[in-house]
Amino acid sequence: MSRWLLTGGAGYIGSHVARDLLASGREVVVLDDLSTGIRERVPVDAELVVASVLDTDAVRRALDGVSGVVHLAAKKAVGESVEQPLLYYRENVGGMTSLLQAMDDVGTACMVYSSSAAVYGEPAWSPISEDSPLQPLSPYGETKVIGEWMVRDVAVARPLSWVSLRYFNVAGAGAINLGDPSVNNLIPMVFRALDRGESPQIFGTDYPTLDGSCIRDYIHVSDLSAAHVAAADLVEREVVGVALNVGTGVGASVIEVMDAVSEVVGRDVGAVAVGRRAGDPPELVAQVMRAQETLGWSARRSLTEMVSSAYAAR
Ligand code: UD1
């Protein structure tokens, strides 16, 4: 049985990955500073180390007996990163530096890294392949690109097998206690508005898309989590270095998401169109062939399953 370190394992995505890594037969050590993570979300079968990835000594100790790392711990709000760029560089780039140093010190040679579709910025075409230019539009996206480059560069200098997973729009929940507590993303924002008796808002209906609202590639968090296990299997099995889009390959517009919510709650949610939110690209959909071929994985769950599980877990 191999033992894996999961940074950020008390977070929304991390708590799903922790369960799936355990279910794959691995031992799991979660390292999380609980700044946004929730202690109760860490499965009882996993060991929890409460520490920041910036604490290289703590990471080194947590790596004892570990064969691979899934690195999720990071700051992830685009708007906040524009306001506080240094916080993002310190946490995300500093965190990666500290983690790679600790891995180098103890000789850990496998890594799965949580990257983002934010590395592409506003792409000239969609669906987006992994070979598209990396043109992030925020400090958040920049720190994700830098993280990818750091892993790649370290892998040139020493043995390191790695996969970077570029997440598209993650949604839904694998269990009712594992919902997304984020205040920024579309589906949680819709439910929050409904719970307050307010109308959900559509940020812009004048985009060059079929119905005028933005199109995104929403992926169920349980499908995303399964991709991490497939990536962990791969880096353990052979020496690779590859960045992969993790999405469904199918886009949904904001209006289609609103329709899915109406279907799930059993009434028209009465979404209202408001102005565009600054910096939103019209369409972001993943090309998913490379992930399918490399990992033997593909997303299975529908938008309705994302919305209904998010509704049950709110
Ligand atoms: C999200 C993440 C970003 C990640 C990217 C990957 C946030 C804030 N953004 O960006 O970190 O890198 O996915 O692709 O976490 N919308 C509305 N009404 C609302 C809220 C949102 O119409 O009340 C629209 C937005 O304009 C956008 C879409 O819904 O078109 C999705 O928004 P959001 O969930 O914030 O995700 P992204 O901005 O795509």
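In this predicted model, helix α8, which spans residues 254–265, packs against helix α10 at an angle of about 55°, and the two axes lie 9 Å apart. Because an angle that is neither under 35 degrees, nor over 145, nor from 65 to 115 counts as oblique, α8 is described as oblique to α10. The crossing of α8 and α10 is right-handed. On the side of α8, the contact is made by E256, V257, A260, V261, E263, V264 and V265, and these residues meet L303, T304, V307, S308 and Y311 in α10. Sorted by class, the residues in the contact of α8 with α10 comprise eight nonpolar, two polar and two charged ones.

A second helix pair can be described in the same terms. In general, two packed helices are described by the angle between their axes and by the distance between those axes. Helices α1 and α7, the latter formed by residues 221–237, pack at an angle of about 55° with their axes 9 Å apart, and that makes α1 oblique to α7. The crossing of α1 and α7 is right-handed. From α1 the contact draws on Y12, I13, H16, V17, D20 and L21, while α7 contributes V221, S222, L224, S225, A226, H228, V229 and A232. The residues in the contact of α1 with α7 divide into nine nonpolar, four polar and one charged.

Attention now turns to the sheets. Seven strands form an open sheet with parallel pairing, and their order across the sheet is β3-β2-β1-β4-β5-β6-β11. The edges are held by β3 (residues 47–50) and β11 (residues 241–246), each of which pairs on one side only. On average, and with direction ignored, neighbouring strands of this sheet are turned by 20° against each other. At the β11 edge, six bridges connect β11 in the parallel sense with strand β6, which covers residues 161–167; within this pairing, W162 has G241 of β11 as its bridge partner.

Two helices lie across strands of this sheet. Helix α1, made of residues 12–23, lies across β1 (3–7), β2 (27–32), β4 (68–71) and β6, and the helix runs at about 165° to β2. Helix α5, made of residues 139–157, lies across β5 (110–116), β6 and β11, and runs at about 160° to β5. Strand β6 is thus among the strands crossed by α1 and also among those crossed by α5.

There is also an open sheet of three strands, in which the order is β12-β9-β14 and the pairing is mixed. Strands β12 (252–253) and β14 (283–284) stand at the edges with a single partner strand each, so one side of each is left without a neighbour in the sheet. Strand β9, which consists of residues 215–216, runs parallel to β14 and is joined to β14 by two bridges, and the bridge partner of I215 in β14 is E283.

Among the side chains, a count of 16 salt bridges is obtained for the model. One of the pairs is formed by D195 and R314, whose side chains meet with a distance of 3.3 Å from N to O. Since D195 lies in helix α6 (residues 186–195) and R314 in the segment after α10 (303–312), this pair ties together parts that are 119 residues apart in sequence.

Finally, two features of the backbone deserve mention. As a general rule, most residues other than glycine have a negative phi, and most peptide bonds are trans. L34, although not a glycine, has a positive phi of about 60°, and this residue is located in the loop between β2 and β3. The peptide bond between S126 and P127 is cis, with omega at about 0°, and P127 has its place in the loop between β5 and α5.

Technical notes: Residues numbered from 1 in each chain as written. Predicted model: local features only at pLDDT ≥ 70, side-chain atom pairs only at ≥ 80, totals over all residues. Heavy atoms only, no water. Pairing = 2+ DSSP bridges. Helix = DSSP H or I, 4+ residues; strand = E, 2+ residues; numbered from the N terminus. Axes fitted to C-alpha atoms, helices over the stretch in contact; angles between N-to-C directions. Contact = heavy atoms within 4.5 Å. Left-handed = near helix turned anticlockwise from the far one by under 90°. Nonpolar A, V, L, I, M, F, W, Y, C, P; charged D, E, K, R; others polar. Salt bridge = Lys/Arg side-chain N within 4 Å of Asp/Glu carboxyl O.
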